[in-house]
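Here are a few exercises to work through with the coordinates open in your viewer. Try each one yourself before you read its solution.

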Amino acid sequence: QVQLVESGGGLAQPGGSLRLSCAASGNIFRAYAMGWYRQAPGKQRELVADIDDGGSTNYADSVKGRFTISRDNARNTVYLQMNSLKPDDTAVYYCYAKISNNAIARYRDYWGQGTQVTVSS
């Protein structure tokens, strides 16, 4: 079993900042990649950013220059620093991870429960 727990969501004003955290626990041999998706009401879930175990990152065009993803491999934790927040960033943010349970098994995708981010004046 693997569990992903997010924290750090909440309310911010436009131009403000929030920092999301996601810690994976359970039967983890290796977390090959971790990242964040988000879903606003009436919209498709979209990739925000991800990072692999070598530190390579990927960002949605809409957040480049404003958001920074990082990870602590030893703690199986991923962070999303969100700066210069806009109302359009309002969504439920979901953590995900690609994790293998042992040295032989292929990685599988795991999801957190989501954390609400609201950007409003």
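Some ground rules come first, then the exercises follow.

This is a predicted model, so local features need pLDDT of at least 70, side-chain atom pairs count only at pLDDT 80 or more, and totals for chains, interfaces and linings use all residues. Residues are numbered from 1 along each chain as its sequence is written, and side-chain values use heavy atoms, with hydrogens and water left out.

**Exercise 1. The disulfide**

Task: find which cysteines form a disulfide and work out which parts of the chain the pair ties together.

Solution:
- Start with the cut-off: a disulfide is a pair of cysteine sulfur atoms within 2.5 Å. That rule gives a count of one disulfide.
- The partners are Cys22 and Cys95, with sulfur atoms 2.0 Å apart.
- Next, place them. Cys22 lies in strand 3 (residues 18-26) and Cys95 in strand 9, so the pair ties together parts that are 73 residues apart in sequence. Strands here are DSSP runs of E, at least two residues long, numbered from the N terminus.
- Now the torsion: at -85 degrees about the S-S bond, the link of Cys22 and Cys95 is left-handed.
- Finally, check accessibility. Buried means under 20% relative accessible area, exposed over 50%, and partly exposed in between, using a 1.4 Å probe and protein chains only. Cys22 comes out at 0%, so it is buried; Cys95 is also at 0% and so buried.

**Exercise 2. Asp89 in its loop**

Task: say where Asp89 sits, whether it is buried or exposed, and what it touches.

Solution:
- Asp89 belongs to the loop between strand 8 (77-82) and strand 9 (91-100).
- Its relative accessibility is 1%, so Asp89 counts as buried.
- For polar contacts, look for a pair of N or O atoms within 3.5 Å; within protein, one must be able to donate a hydrogen and the other to accept it, and residues adjacent in sequence count only if both atoms are side-chain atoms. A polar atom of the Asp89 side chain lies 2.8 Å from the backbone nitrogen of Lys86.
- For general contacts, take heavy atoms within 4.5 Å. Leaving out residues up to four places away in sequence, Asp89 touches Arg38, Arg66, Phe67, Ser84, Val117 and Val119.
- One of those partners deserves a second look: Ser84 has a positive phi of about 50 degrees although it is not a glycine. For context, most residues other than glycine have a negative phi. Ser84 sits in the loop between strand 8 and strand 9, and at 41% it is partly exposed.

**Exercise 3. Rings and charges**

Task: how many aromatic pairs does the structure hold, and which residues do ring pairs link into a cluster?

Solution:
- Rings of Phe, Tyr and Trp (its six-membered ring) pair if their centres lie within 6.5 Å; planes under 30 degrees apart count as stacked, over 60 as edge-to-face and the rest as tilted.
- The total is four aromatic pairs. Take Tyr32 and Tyr107: the centres are 6.1 Å apart and the planes at 55 degrees, so this pair is tilted.
- Tyr32 is in strand 4 (residues 30-39) and Tyr107 in the loop between strand 9 and strand 10 (108-111), which puts them 75 residues apart.
- The cluster linked by ring pairs is Tyr37, Tyr96 and Trp111.
- Last, the charges: one sits over a ring if NZ of Lys or CZ of Arg is within 6 Å of the ring centre and within 35 degrees of the ring normal. Arg45 lies over the face of Tyr94, 3.8 Å from the ring centre, and its charged end also sits over the ring of Trp111, 5.0 Å from the centre.

Note on methods
Helices (H or I, at least four residues) and strands (E, at least two) are DSSP runs, numbered from the N terminus.
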